[in-house]
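Hi,

Here's the structure I promised to pass on. Have a look at it first, and then read on for what turned up.

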Amino acid sequence: MKDGSFWNKKVECLPEKELRKLQLERLQKIVSYVYERVPHYRKKFEEAGVKPEDIKSLEDVRKLPFTTKEDLFVDYPYGLLAVPKEEIVRVHTSSGTTGKPKAIFFTKNDIELGAELIARCLVMTGTTRGDVLQNSMTYGLFTGAFVMHYGAEKVGVFVVPAGPGNTERQLELMQLFGTTCVHMTPSYALYVASLIAERGIRDRLNLKRAYLGAEPYSEETRRKIEEMLGIDVYNCYGLSEMGGPGVGFECPAKDGLHIWEDAYLIEVVNPQTGEPVEDGEVGELVITSLCREAMPLIRYRTRDLTRVIPEPCSCGRTHKRISRMLGRADDMFIVKGVNIFPQQIESVLMGIKGVAQNYQIVLEGYNDFLVRVEIEKEFFDGRIERLLQLKEEITEKLRDEIQVRPKVELVEPGTLPVSEGKAKRVIDKRKL
Ligand code: DLL
C-alpha cells in the first residue's frame with residue numbers, strides 16, 4: 001500500500017465506539033429535524049407509528065420507513081425541503097430514465113459539507129496542494145463537477161474546470177498545465193486512454209491518478225485504465241440525493257470504498273423484502289444523510305447493489321467499506337430466465353486481450369441478446385482465423401460467466417458511440 005495521508009485524521013480514524021455514538025446522536029437529531037420541518041416525513045412516520053423519541057439505538061433506524069425516489073416527487077420540487085427557501089443556495093438535478101428530474105437542494109452548509117468530504121477523499125489518495133486536477137465531469141445541473149471542484153479548491157489543489165468532451169482539448173490542457181489527476185466517468189476514461197495510446201503521448205503527460213465514478217465499472221476496467229495510462233485509479237461513488245460524489249471513496253488500499261460514516265448511516269437490505277442482509281452479503285444500499293440541511297433523506301433506497309466489507313482497512317480509517325457497486329437493481333435484465341448485470345459483461349470483456357475500449361449490449365428478445373465489441377485495430381488485418389478465434393473466446397467466456405450464450409459481433413475501434421458522461425451500454429429493443 002502506498003502512503004496516504006489525512007485531511008481530518010481525528011474524524012477519519014475515530015474509534016469505532018465513538019463513531020457509533022456520534023452517528024446515533026446525529027441520527028436522533030436528523031430524525032427530529034425532518035419530523036418537525038417536513039410534513040411529508042411527519043406523515044410517513046405517523047403512518048409507520050414511529051416518533052423521533054423511539055430512536056434509542058442505531059438499530060432503531062429500522063423502525064423508520066424507507067424513502068424512495070417516488071417520495072422526491074411528492075409536492076415536487078419542494079416537498080422534502082427542510083429549510084425556508086431563502087436558505088437554498090443551489091440546486092442540482094439528476095435525471096432518471098423517464099420523466100421529471102430529481103431536484104436536490106443545498107444550503108451553504110451542505111456545500112461546505114460536500115467540499116469537506118471530497119477534501120478527505122483527495123488527500124487520502126495523495127492529492128494535495130501542488131497537484132493539478134482536470135475536472136472533466138459535466139458542470140451544470142449534474143452534481144459531479146461542482147462538488148469535486150469545491151472540495152479540490154478547499155484542499156488548495158489547482159483545478160482545471162475542463163468539463164467533459166472535446167477530447168483533443170482535454171489532451172492539450174493536460175500538457176499545458178501538467179495535469180496530475182483527472183476526474184471523469186470510467187467509460188470516458190477508457191476513450192481518453194485509447195486516444196493517448198494512439199497518439200503515443202503518455203510520456204509527455206504528468207498524470208498520476210484518476211478519480212472515476214458516476215457509473216458502475218469493474219475491477220478489470222480499473223486495471224485496464226491503470227495499465228494504459230500508468231496511473232492509479234480510485235473509485236468514487238455518490239448520488240445527487242446524498243449531495244453528489246464523495247459519499248464513498250477508495251483509499252490507497254483500493255479494496256472497497258470507505259463511506260464517511262460521520263455524515264452517512266448505511267444499511268444493506270434485501271432489495272425485494274427490505275430486510276437487512278448480513279455483513280458481507282450483497283444487497284441494496286440504503287443511506288440516511290446525517291448532516292445535510294436542505295433536504296436530508298432518511299433510509300433512502302439507492303437501488304445500488306453492494307456489500308459491506310466487514311474487515312478493518314489497512315489504511316487505519318475506521319469508516320466502513322463497501323465493495324464497488326455490482327450494478328443497479330434497475331439495470332438488471334433477464335434473458336432466458338437468467339438475471340444478468342451489464343457489469344458482469346464488462347468485467348469479462350475488459351479482461352480479454354484484444355478487446356478495445358467500447359462495447360454495447362443489445363437486447364433483441366427475451367431469449368437472446370447481442371454483445372457488440374470494439375476490437376484492437378491490429379485484428380482487422382485480413383486474418384479471419386484470428387478474428388474468429390477471438391470471437392469464440394469472447395462468446396465462451398461470456399457464457400461461462402452468465403450461463404447464457406450471447407451473439408457476439410466484433411467491430412473496429414471507433415464504431416460505437418463514445419460517451420463523455422455516463423455511458424448508455426444497454427439498448428433494449430424490446431421496449432422500443
Ligand atoms: O453520479 C454523483 C457522482 C458524480 C458520483 C461523480 C461519482 C462521481 P447521480 O447522477 O445522481 O450522481 O447518479 C447516482 O450513479 O445511484 C449509482 O447508480 C451511480 N454511481 C455513481 N457513482 C458510482 C460508482 C452521481 N462509483 C447514481 N460506481 C448512483 C457505480 C455509481 N455506480
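Before the ligand, one cut-off: a polar contact here is a pair of N or O atoms within 3.5 Å. Also keep in mind that this is a predicted model.

So which residues make polar contacts with the ligand through their side chains, and at what distance? For R328, a polar side-chain atom sits 3.0 Å from an oxygen atom of the ligand. K422 also reaches a ligand oxygen with a polar side-chain atom, in this case at 2.8 Å. The backbone joins in at P216, where an N or O atom of the main chain is 3.3 Å from a nitrogen atom of the ligand.

How much of the ligand does the protein cover? On its own the ligand has 610 Å² of accessible area, and the protein covers 94% of that.

As for the shell, 22 residues surround the ligand, and the closest are N235, C236, S240, D304 and K422. K422 is thus one of the closest residues as well as the one with the 2.8 Å pair given above. By class, the shell splits into nine nonpolar, eight polar and five charged residues. If you want to see which elements supply two or more residues to it, look at α5 (143–155) and β7 (232–239). β7 gives the most, with five residues.

Away from the ligand, I also have two helix pairs for you.

Take α2 (residues 16–37) and α3 (residues 39–47) to begin with. Their axes come within 5 Å and cross at roughly 110°, so α2 is roughly perpendicular to α3. On the α2 side the contact is made by V31, V34, Y35, E36 and R37, and on the α3 side by P39, Y41, R42, F45 and E46. That contact has six nonpolar and four charged residues, with no polar ones.

The other pair is α6 (residues 167–177) with α7 (residues 186–199). Here the axes come within 11 Å, crossing at roughly 70°, which means that α6 is roughly perpendicular to α7. T167, E168, Q170, L171 and M174 of α6 meet Y188, Y191, V192, L195, I196 and R199 of α7. What is the make-up of this contact by class? The residues divide into seven nonpolar, two polar and two charged.

That's the lot from my side. Shout if anything is unclear.

Cheers

Key. Residues numbered from 1 in each chain as written. Predicted model: local features only at pLDDT ≥ 70, side-chain atom pairs only at ≥ 80, totals over all residues. Heavy atoms only, no water. Axes fitted to C-alpha atoms, helices over the stretch in contact; angles between N-to-C directions. Helix = DSSP H or I, 4+ residues; strand = E, 2+ residues; numbered from the N terminus. Parallel < 35°, antiparallel > 145°, perpendicular 65-115°, else oblique. Contact = heavy atoms within 4.5 Å. Nonpolar A, V, L, I, M, F, W, Y, C, P; charged D, E, K, R; others polar. Near = heavy atom within 4 Å. Polar contact = N/O pair within 3.5 Å; in protein donor to acceptor, adjacent residues only side chain to side chain. Areas by Shrake-Rupley, 256 points an atom, 1.4 Å probe, with all protein chains shown as cover.
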